[in-house]
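Student: I've just loaded this one and would like a close look at a single spot before I go through the rest. Could you start there and then work outwards?

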Amino acid sequence: MSWFPEKRTQDSWVHRFCSSILKCGPIPNHVAFIMDGNRRFAKKNSMESAEGHLKGFDKLAETLEWCLHLGIKEVTVYAFSIENFKRSRDEVDCLMELARQKFARLLEEKELIQKHEVCVRVLGNLALLPEDVQRTVAEVVNLSKNNTRAKLNVCFSYTSREEICTAMRELAEGVEQGLIRETDVSEELLERCLYTNQSVEPDLLIRTSGEVRLSDFLLWQSTFSVLSFLEVLWPDFSIWHMYAAILHYQRSYAGIQDAKEENHRLKDQLSQESDKESILQETICSCGDKDQSEQCCHSDKCDLDLVSLRDKLNRFVGERKQREEEFIQKLNQKRDAFLENKLPARVK
């Protein structure tokens, strides 16, 4: 089955009516899926596990079609966890072969990718994948990198804990190399070091199969996501389940938005306090010991008045932001270079 079916599979007047009603409310910009239940579906239907995974891919292609029609601009799917490498050798080989076939199919459908203007990104520790899969992934990402209408993020060889650990290592290396200061390290900067640093946070996270857990998927990014746990195996997931999940999101929308705004306010407040503390520490160092500097800052003899403090603070923030931007730019260039080095000579 194609990644982007040209003919809509659900186009009755009932579906059009339901879609129109949903579109009167807020539609999530970014939906993430934990596509769970392929093996149980296969067992229930007396199939081999490989056929269950194939049915799961067909359902993904159908779901992407629904998302495009509903106006969902970004989709992230949990395709292969690093933990899956612990499964039987036969099943891992089967999943890698399925990945080869489906990523190769994406390359064959480059006209559809460009038609729908979909940017495909593969997120995870790609170095763990077989070399030929890495090359195919690199071609797919390179093919669609300039598309902006919609985004498809395929989390492959991924876990959230590994992603966060990688981000922490990047920050430590940045400090060691002098690209950033230790005081620059913050939640916001760590977030920009994640594999998903070019995406917005998911508004809605859907998990099928009835399991009520995130299984190490987007743990950082889903803090303010609406979670929808559905009692259906992934290959049996239908557009009606999709409608129900979006309706659940709309009912939760106001409360989530309030929580987000309050969190942003607190983050801004903490960031400002941290910047002020850093400036005062620099002032203490220039004035002498702490007790003397505190007295000095309240006396006429101190050359640090409110105006100069404000100027120093603005300069400090500007320099910090410049360091962060240059650091993130180098990080993205390093990640892009990894994939570019995997491209065949005919594509470079």
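Student: Where is the place of S157 in this chain?

Tutor: S157 is located in strand 4. Keep in mind throughout that this is a predicted model. The backbone there deserves a look: S157 has a positive phi of about 60 degrees, although it is not a glycine. Most residues other than glycine have a negative phi. As for its surroundings, S157 has a relative accessible area of 0%, so it counts as buried, the cut-off being under 20%.

There's a handy counterpart in S46, another non-glycine residue with a positive phi, this time of about 55 degrees. S46 belongs to the loop between helix 2 (38-44) and helix 3. Its relative accessibility is 74%, and because anything over 50% is exposed, S46 gets that label. So you have one serine that is buried and one that is exposed, with positive phi at S157 and at S46.

Back to strand 4, which spans 150-158; the loop that links helix 6 to this strand holds R149. With a relative accessible area of 44%, R149 is partly exposed. Leaving out residues up to four places away in sequence, R149 touches K73, H116 and E117. If you want a backbone distance, the C-alpha atoms of R149 and K115 are separated by 10.0 Å, with their positions 34 residues apart along the chain.

Going back through that loop brings you to helix 6 (residues 131-144), whose axis comes within 9 Å of the axis of helix 4 (residues 89-108), crossing at roughly 30 degrees. Since angles under 35 degrees count as roughly parallel, that is how helix 4 runs relative to helix 6. The crossing is left-handed. On the helix 4 side, the contact uses M96, R100, F103, A104, L106 and L107, while helix 6 supplies D132, V133, T136, V137, E139, V140 and L143. Sorted by type, the residues of this contact are nine nonpolar, one polar and three charged.

Helix 4 also packs against helix 3 (residues 49-70), at an angle of about 35 degrees and with the axes 10 Å apart. Here the crossing is right-handed. Helix 3 brings A50, H53, L54 and F57 to the contact, and helix 4 brings E91, C94, L95, L98 and K102. That makes six nonpolar residues, one polar and two charged.

Now for the nonpolar side of things. In soluble globular proteins, nonpolar side chains tend to be buried together. In this model the largest nonpolar core has 54 residues, and those with the most contacts inside it are F33, I72, I206, F237 and M242. Helix 9 (residues 239-287) gives the largest share of this core, seven residues. F237 is worth zooming in on: not counting residues up to four places away in sequence, F237 touches F33, K59, T63, W66, I206, T208, L230, V232 and M242. Besides that core there is a second, separate one of 11 residues, with A32, L214, F217 and L218 among them.

L218 turns up again as a contact of T196, which also touches L123, E163 and Q221, leaving aside neighbours within four places in sequence. T196 lies in the loop between helix 8 (187-191) and strand 5 (204-207). Despite being in a loop, T196 counts as buried because its relative accessibility is 11%.

Over in helix 9 you'll also find A254. A254 is partly exposed, with a relative accessible area of 48%. The C-alpha atoms of A254 and P26 are separated by 10.0 Å, although the two residues are 228 apart along the chain.

Zooming out, the chain has 11 helices and six strands. Of its 348 residues, 45% count as buried. Among the contacts with a separation of 6 or more, 81% are between residues 24 or more positions apart.

Note on methods
Residues numbered from 1 in each chain as written. Predicted model: local features only at pLDDT ≥ 70, side-chain atom pairs only at ≥ 80, totals over all residues. Heavy atoms only, no water. Axes fitted to C-alpha atoms, helices over the stretch in contact; angles between N-to-C directions. Helix = DSSP H or I, 4+ residues; strand = E, 2+ residues; numbered from the N terminus. Parallel < 35°, antiparallel > 145°, perpendicular 65-115°, else oblique. Left-handed = near helix turned anticlockwise from the far one by under 90°. Contact = heavy atoms within 4.5 Å. Nonpolar A, V, L, I, M, F, W, Y, C, P; charged D, E, K, R; others polar. Buried < 20%, exposed > 50% of the residue type's maximum accessible area, 1.4 Å probe, protein only. Core = buried A, V, L, I, M, F, W, Y, C linked by side-chain atoms within 4.5 Å.
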